[in-house]
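Subject: Structure for you to look at, with notes

Dear colleague,

I am passing on the structure below, together with some notes on its sheets and helices. Please read them with the model open beside you.

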Amino acid sequence: MQLGFDVEKRTSLERADLSRKGAIDDVIVPLVEHINSQEMWYTTSSCSGRITVYCQDPHNSKKGCRWILVSHVSLKAPEIWSLLYAPGLPPEGYVFFKFEPFIIHVMCKTLEAAQSMLQVAVSLGFRNSGITVGKRDRIMLAVRSTHSLEAPVACNGKLLVDEEYVTHLVELANTKMAENLQRVDRFTKQLTSPDCKKSRKVLEPTKSHPTAQRNVNQQKAAEVTADYMLLTDDILPHLFS
C-alpha cells in the first residue's frame, strides 16, 4: 500500500491538469502546494469556489451541461443581467445561476493522515467533508462546506426573473464567495501552522500484515462514518474547476 501510494502520488502530480480551466485557482495555490509537499497527502482535484451560469441538457442529463459563464471571483449584477437579457439564451432547458464553495480532494497514505486533516477542516466549518475508503484501500478525503446557492433564472429561452431578483442573487453569491475565501484562508493558515504540524502524532504508516491492517482501516472507517458524512466512490475529480 505504502509503495503503491508513493508511485500513484508521483504519477498523479506529473500528469497534465485535465480540469476545464487547466490550472489550479490562484487563491489556493499555496494550500495545494503545501499538501502536495507532505509525505502523507496529495491532491487530485480542487476548486477555490465559483459562480456559474449554465444550461442543463433537457434531453440527456448524463451528457452534462452547457457553460454560459464561469467565474472564480465576485461579479457585478449588470454583468449577469446583460448576459441573461441578451439574445442567444438556450432555446430548450433550464438556465441556472449557481454558487459553489471551495472543494478539494486529497488522497491520503493512511487513515490517520486523513483524520488529521478532516479534524482541521470540520473545526473550521467544512462540515460536508468526509473520508472514503475505496478499492485497494485507497483513502480519499474530500474537504467541502454546505453554503452553496442555486436558482433557475430562465427556461426554454425565456427569463423567469427580473433584474431586481438577479441583483439579489448576485449580491448573495458575492457574500458567500467572500465568506468562502475567508474560510479557505483560515484552513490554509491552520494546516500550515507549526502547532498543527506538531499535533500529527500518528501519521507514520502502521507496519503490520496487509490483511490485518485492512481490517483495522475498515473498523476505523466505520468509526469516522458515525461522526462525519462518508462520501461515495463516484466522485469525478477532473470535473471541478
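In which loop does S48 lie? S48 is found in the loop between β1 and β2 (50-56), where helices (H or I, at least four residues) and strands (E, at least two) are DSSP runs, numbered from the N terminus. Please bear in mind that this is a predicted model, in which local features need pLDDT of at least 70 and side-chain atom pairs count only at pLDDT 80 or more, whereas totals for chains, interfaces and linings use all residues. Residues are numbered from 1 along each chain as its sequence is written, and side-chain values use heavy atoms, with hydrogens and water left out.

To stay with S48 for a moment, its relative accessibility is 1%, and it therefore counts as buried (under 20% relative accessible area, with exposed meaning over 50% and partly exposed in between, for a 1.4 Å probe and protein chains only). Leaving aside residues up to four places away in sequence, S48 touches D25, V27, I28, H72, F102, N180 and L181, contact meaning heavy atoms within 4.5 Å.

For the chain overall, the secondary structure comes to 7 helices and 9 strands, and buried residues make up 45% of its 241 residues. Of the contacts between residues at least 6 apart in sequence, 75% join residues at least 24 apart.

One open sheet has 4 strands in the order β1-β5-β7-β6, with antiparallel pairing; two strands pair if DSSP finds at least two bridges between them. Its edge strands are β1 (41-47) and β6 (130-133), each of which pairs on one side only, and neighbouring strands of this sheet are turned against each other by 20° on average, direction ignored. Although β1 is an edge strand, 6 of its 7 residues are buried, so β1 is largely enclosed by the rest of the structure. Between β1 and β5 the antiparallel pairing extends over 6 bridges, and W41 has C108 in β5 as its bridge partner. At the other edge, β6 is joined by 4 bridges to the antiparallel strand β7 (residues 139-144), with I131 opposite L141 in β7.

Two helices pack on this sheet. Helix α2 (residues 29-37) touches β1 and β5 (103-108), and its direction makes about 155° with that of β1, whereas α4 touches β1, β5, β6 and β7, its direction making about 5° with that of β7. Such axes are lines fitted to C-alpha atoms, for helices over the stretch in contact, and angles run from 0 to 180 degrees between N-to-C directions.

The second open sheet has 5 strands in the order β3-β2-β4-β8-β9, also with antiparallel pairing. At its edges stand β3 (65-71) and β9 (158-159), each with a single partner strand, so one side of each is left without a neighbour in the sheet. Within this sheet, 6 bridges join β4 (residues 94-100) to the antiparallel strand β8 (residues 149-155), and Y94 stands opposite C155 in β8.

Finally, the axes of α4 (residues 111-123) and α5 (residues 163-192) come within 10 Å and cross at roughly 140°. The contact is made by M117, V120 and A121 of α4 and by F187, Q190 and L191 of α5.

With best wishes
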